[in-house]
Amino acid sequence: MAVRRKAPIYFAIVISFAFTIYFFVSPFLSSSSQDGIIPTINQNPDSVSTLASDIDACISSPTPDCDQEMLQIKKYCTDNKDQNYPVCSDVRVQEYVDNRGLERPTINTGG
């Protein structure tokens, strides 16, 4: 009789163990074509499908987040000059950076 009372507990333990194993093993079993087992954090700007729409949104309503994104795009394009990315030839990025004054040197007013 004691085994019948403990059966649901054992069953719950087995199910939770199976989900735990699946959680840790499933990324390695996926059929995606990645360069390595662990995906890289840095993304190619062309792999993000919403990048052009992000630029459009930032041009229409600039925000501090847009400032950071545009500076990151510009830095990425500067670091990867030898590759041809469509976003790097978009003149709106440089115009945004210039219009917002994001690359101006800070002036020490001697306060």
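How many salt bridges does the structure hold? I counted them before anything else, and there are five salt bridges. A reminder to myself: this is a predicted model, so I checked the confidence next.

**Entry 1: confidence**

I looked up the mean pLDDT of the protein chain and found 78, with 76% of its residues at 70 or more. Then I went looking for a weak stretch. Residues 33–41 stay under 50 in pLDDT, and the model gives this stretch two contacts beyond four places in sequence. Where pLDDT is low, the predicted coordinates should not be read in detail. I am happy to leave residues 33–41, with their pLDDT under 50, at that.

**Entry 2: overall layout**

I noted four helices and zero strands for the protein chain. Along the sequence the pattern reads α-α-α-α. Of the 111 residues, 15% count as buried. The accessible surface comes to about 9,400 Å², and carbon and sulfur atoms account for 59% of that. I also checked how far apart the contacting residues sit in sequence. Taking contacts between residues at least 6 apart, 57% join residues at least 24 apart.

**Entry 3: the core**

Which residues make up the largest nonpolar core? I listed twelve: Leu51, Ile55, Cys58, Cys66, Met70, Ile73, Cys77, Tyr85, Val87, Val93, Tyr96 and Val97. Helix H2 (51–60), helix H3 (64–79) and helix H4 (91–100) each supply at least two residues of this core. H3 gives the most, with four residues.

I picked Cys66 for a further look. Setting aside neighbours within four places in sequence, I found Cys66 in contact with Cys58, Ser61 and Tyr96. Cys58 and Tyr96 are also on the list of core residues.

**Entry 4: salt bridges, one by one**

Back to the charged pairs. The side chains of Asp56 and Arg92 form a salt bridge at 2.2 Å, N to O. Asp56 lies in helix H2 and Arg92 in helix H4, so this pair ties together parts 36 residues apart in sequence. I looked up the accessibility of both partners: Asp56 is partly exposed at 39%, and Arg92 is partly exposed at 26%.

Next came Asp67 and Arg100, whose closest N and O atoms are 3.0 Å apart in their salt bridge. Here Asp67 lies in helix H3 and Arg100 in helix H4, so the pair ties together parts 33 residues apart in sequence. Is Asp67 buried or exposed? Asp67 counts as buried, because its relative accessibility is 11% and the cut-off for buried is under 20%. Arg100, by contrast, is partly exposed at 36%.

The third pair I looked up was Lys74 with Glu103, a salt bridge at 2.8 Å, N to O. Lys74 lies in helix H3 and Glu103 in the segment after H4, so the pair ties together parts 29 residues apart in sequence. Glu103 is partly exposed, with a relative accessible area of 44%.

I then checked for shared partners. Asp56, Asp90 and Arg92 are joined into one network by salt bridges that share partners.

**Entry 5: a patch on the surface**

Last, I turned to the surface around helix H1. Phe17 is found in H1, which runs over residues 2–29. Why does Phe17 count as exposed? Its relative accessibility is 55%, and exposed means over 50%. Phe17 belongs to a nonpolar patch on the surface together with Ile21, Phe23, Phe24, Val25 and Leu29. Together these residues have about 670 Å² of accessible area.

Methods:
Residues numbered from 1 in each chain as written. Predicted model: local features only at pLDDT ≥ 70, side-chain atom pairs only at ≥ 80, totals over all residues. Heavy atoms only, no water. Patch = residues over 30% accessible without salt bridge, like charges linked within 9 Å, V, L, I, M, F, W, Y side chains within 5 Å. Areas by Shrake-Rupley, 256 points an atom, 1.4 Å probe, with all protein chains shown as cover. Salt bridge = Lys/Arg side-chain N within 4 Å of Asp/Glu carboxyl O. Buried < 20%, exposed > 50% of the residue type's maximum accessible area, 1.4 Å probe, protein only. Contact = heavy atoms within 4.5 Å. pLDDT = per-residue confidence, 0-100. Core = buried A, V, L, I, M, F, W, Y, C linked by side-chain atoms within 4.5 Å.
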